[in-house]
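Open the model in your viewer and switch to a cartoon view. We will start with the sheet, move on to the helices, and finish at a single residue.

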Amino acid sequence: MSNNAKVAVVTGGGGTLCGPIAEDLARKGYKVVLVGRRLEILEKRAEQILQATGCECLSMSADVKDEERMNEVHEEILSRLGKVSVLVNGAGGNQMDVVASVNEYTPGELEPGHEFKGWFDLKMDRFLDVVNVNIMGTVIPCHIFSRDMVELGGGAILNFASMNTYRPLSRVPAYAASKAAISNFTQWLAAYLAPAGVRVNAVAPGFFWNERTPKLMIKPDGSLTERAEHILYHTPMHRWGQAEDLLGCASWLLDDSRSGFVTGITVPVDGGFLSCAGL
């Protein structure tokens, strides 16, 4: 199929990693739709893409785990642009209410008034929110937009996994569990849709620099937090990933001409993190 008539949907398209993917798709002639909860962020990214490529992007506000709203988004895309042949599922995230402040059970955790946050302090309703946005926020767009791809006779889906897909990182059980599920779902959907000519793959970014990194990894004096030091120590390339580091892999997985026989895989883009035991 020719790229010129294709429509690509990028959820989380205003973000640090998916914004450049959306721009790359626009450069290749796709009609790009940015989907996310905050319209002002999407419109800012769309303006950046317009200035960089001369291509206009459609920005649509939606919660990706809201099936009714995502169906409305789909109907509007169909009426304005046509059927979707590429889907990038970049929306997702974590919540601080389900991030522990210790790595393991600590004496006193069951006693009132302790000054740290352990497993037994985590809020289960917030845990479910994280599971929903990361799992259902991928499943629902796949369920809706893959129908277009089947009708078109082909298409490509790119999901976002994580280092947590391979090993559960400390302190983030909800995020770890939900991102581990993404790889499994990617394999399942890839096998199911293969006879229809639809490919489904995922990328697993390592530790990339984004708008949240300074708050989480940098102390007020500008030095690295202990957790940031551990991350870089376990990353053989000894640096944070940048959005450009992910672009080549994403572009390859979405391109039928270069990865047409590739489906059901999750590719780590991690600076060697998974290869390093830290010893």
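Select the strands first. This is a predicted model, and 7 strands in it form an open sheet. Read across in the order S3-S2-S1-S4-S5-S6-S7. The pairing is parallel.

Now go to the edges. Strand S3 (58-61) and strand S7 (266-269) are the edge strands, and each pairs on one side only. Look along the sheet next. On average, neighbouring strands are turned by 15° against each other, direction ignored.

Zoom in on one pair. Select strand S6, residues 198-205, together with S7. How many bridges join S6 to S7? There are 4 bridges, and the two strands run parallel. Pick out Ala 202 as well: it stands opposite Thr 266 in S7.

**Helices on the sheet**

Select helix H4, residues 124-152. H4 packs on the sheet. Which strands does H4 touch? It touches strand S1 (7-11), strand S4 (86-89), strand S5 (155-160) and S6. Compare directions too: that of H4 makes about 175° with that of S4.

Next, select helix H8, residues 243-254. H8 lies across S4, S5, S6 and S7. Its run is at about 165° to S6.

**A pair of helices**

Hide the sheet for a moment. Two packed helices are described by the angle between their axes and the distance between the axes. Select helix H1 (residues 18-27) and helix H2 (residues 39-53). Their axes come within 10 Å. They cross at roughly 40°, so H1 and H2 are oblique to each other. The crossing of H1 and H2 is right-handed.

Show the side chains where the two helices meet. On the H1 side, pick Gly 19, Pro 20, Ala 22, Glu 23, Ala 26 and Arg 27. On the H2 side, pick Arg 45, Ile 49, Ala 52 and Thr 53. Colour them by class: this contact has 5 nonpolar, 2 polar and 3 charged residues.

**Last stop: Arg 45**

Keep Arg 45 selected; it lies in helix H2. Is Arg 45 buried or exposed? Its relative accessibility is 15%, and buried means under 20%, so Arg 45 counts as buried.

What does Arg 45 touch, leaving out residues up to four places away in sequence? Select Gly 13, Gly 14, Gly 15, Thr 16, Gly 19, Pro 20 and Leu 34.

Finish with a distance. Pick the C-alpha atoms of Arg 45 and Leu 189. These residues are 144 residues apart in sequence and 30 Å apart in space.

Methods:
Residues numbered from 1 in each chain as written. Predicted model: local features only at pLDDT ≥ 70, side-chain atom pairs only at ≥ 80, totals over all residues. Heavy atoms only, no water. Pairing = 2+ DSSP bridges. Axes fitted to C-alpha atoms, helices over the stretch in contact; angles between N-to-C directions. Contact = heavy atoms within 4.5 Å. Parallel < 35°, antiparallel > 145°, perpendicular 65-115°, else oblique. Left-handed = near helix turned anticlockwise from the far one by under 90°. Nonpolar A, V, L, I, M, F, W, Y, C, P; charged D, E, K, R; others polar. Buried < 20%, exposed > 50% of the residue type's maximum accessible area, 1.4 Å probe, protein only.
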